[in-house]
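Please find below a short note on how the ligand is held in this structure. It is written for a colleague who has not seen the model before.

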Amino acid sequence: MKTLKSYVLGSWQEGKEGNLSFVTLVDPSTEEEIARASSEGIDFGAVLAHARERGGPALRAMTFGQRAALLKEMSKALRDHRDELLDLSARNTGTTRPDGSFDVDGASGTLAYYASLGWRLGDRTFLTEGEGVQLAKTEGFYGRHILVPRPGVAVHVNAFNFPAWGFAEKAACALLAGMPVITKPATATALVTERCIELIVEAGFLPDGALQLIVGSTGDLLDRLGPEDVLAFTGSADTALTLRSRGNLLAANTRVNVEADSLNAAVLAPDVQDGSATFGLFLKDVVREMTQKTGQKCTAVRRILVPADRLGGVQDALIAKLSAVVVGNPADPAVRMGPVATAQQLRDTLAGIGELGKTARIVHGTGQRADGVGAPAGKGFFVQPTLLRSDDARSAGPVHSREVFAPVATLLPYDGTAADAAEIVALGGGTLVTSAYTDDAGWAGDFVARGGGGTGRIYLGSEGSAADAPGSGAALPQTLHGGPGRAGGGEELGGLVGVKLYLQRVAVQGSKALVDGLVGEP
Ligand code: NAP
């Protein structure tokens, strides 16, 4: 069995047994053991020092344009080995080819996007923000905001569901800003991330210390972070709370960004008629957002709001589409949806459906483990797409509080007004994305005004977007990813928004002549 390696201090360190025991990685379709991982023996103080003393100074000495060139090479290294990465993704995370490409192509695409953004920022080592402002009666005292690289280390802790994209979307922003990265994938699916880093390291273009990989536990790494560092976390709300409330991070005001879970909602507005292009888009999107990556996306649809008098018809239309989804081993060409990624995920999924069942009833699926097409009987972490329904949205308790990280969503009625929809969506406590399907600009405006503050992104599905819209689950690098409340309160991607996490805003004050000269303006 393969033993995964961490990449630290400029070399590969194989996991070993000691105080920490090995974590075993399995193929979720067959339960075959495929690799083991441990970070035993890593000197995390030395890892941090390597990033601080080697990677940081090398990156900060570069311009945005030069760092952009590194990202371009990273993107190419992943793109050139796309097929191999897709195979590893199928093996370790159970993804079908299209689901794997959502992660792997998402990684190379996001790196390429940030390379082009950095290219446009060009020959500069810091950014300016806004206009300068005169602070006294004359130009003798003047102020301007600039953004400079933070002089510490960016530590990235990622979730199991995006082993390639999760690493790449964070690393792209930090490296472009000029911060060295220590990346830690979720151990259960680290096979893909390990290979991504290997490909990038082998290509040999990154400065020493710019990128290190920890496979396994973070040991005492997080205890060692200080005021200049950044911790960016993606994962469950529970882990987020544990990490962000660490005493040393609070005492040092270490910058912490959290991308956590989210009970995303899709709302069908009352103007959308059966058979219309917008209704077709709504059905297609909801089914995709329930089943893509077996529902293991932080942006997946968990709650489906439909005008009360349409609930039965929408339920039938969704069931017709969900019934056609073939669940099984992605190695079988007939399969459209793979297993959930781990045994723990399957346990959580079945427990979660049970919890939702207290206030909603299953209308499609069984709430039990299923056998998968092309998989050995009794093996594999399979579950059928599962649709539940509650006829009283405001009393649906767990539907608004329990994230079931699987192909599971609940139909809920509302009275057709934007006000009622926004209030029901808000019961989820903050979402990464809320989608609304309407061709009525007035209804959309009302919904955005009432519900916009409770989400990081509003995806409007309409006749005009039906041909081009990628689905509400796609976190595109040009627009914000992150949401308020239980979604973590973080901000990633969104062009420069994500880069600014790794930059320090500094107000520079002095004579206008000196400040203008410093920022390179006449
Ligand atoms: P998780 O159990 O919270 O783990 C996330 C990461 O945290 C893993 O790398 C894990 O490492 C690490 N971790 C756990 N405890 C730690 C500790 N005490 N110290 C340091 N690191 C620790 O989440 P998950 O099951 O991997 O991911 C699923 C969740 O992520 C879902 O709730 C989903 O909604 C959320 N998610 C959010 C986004 C977003 O962008 N908002 C994106 C994807 C997923 P080990 O694997 O080694 O335990």
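The points below concern the ligand and its surroundings.

1. This is a predicted model, in which local features need pLDDT of at least 70, side-chain atom pairs count only at pLDDT 80 or more, and totals for chains, interfaces and linings use all residues. Residues are numbered from 1 along each chain as its sequence is written, and side-chain values use heavy atoms, with hydrogens and water left out.

2. The ligand is surrounded by 25 residues (each with a heavy atom within 4 Å of it). Asn158, Thr187, Thr239, Glu403 and His481 are the closest.

3. Polar contacts (pairs of N or O atoms within 3.5 Å) include three to oxygen atoms of the ligand. A polar side-chain atom of Thr187 lies 2.5 Å from one such atom, that of Thr239 is at 2.6 Å, and a polar backbone atom of Asn158 is at 2.7 Å.

4. Taken alone, the ligand exposes 910 Å² (Shrake-Rupley method, 1.4 Å probe), and the protein buries 79% of that.

5. The shell around the ligand draws at least three residues from each of domain 1 (2-261 + 490-519) and domain 2 (264-476), with bounds from an automatic or database assignment.

Definitions and conventions. A polar contact is a pair of N or O atoms within 3.5 Å; within protein, one must be able to donate a hydrogen and the other to accept it, and residues adjacent in sequence count only if both atoms are side-chain atoms.
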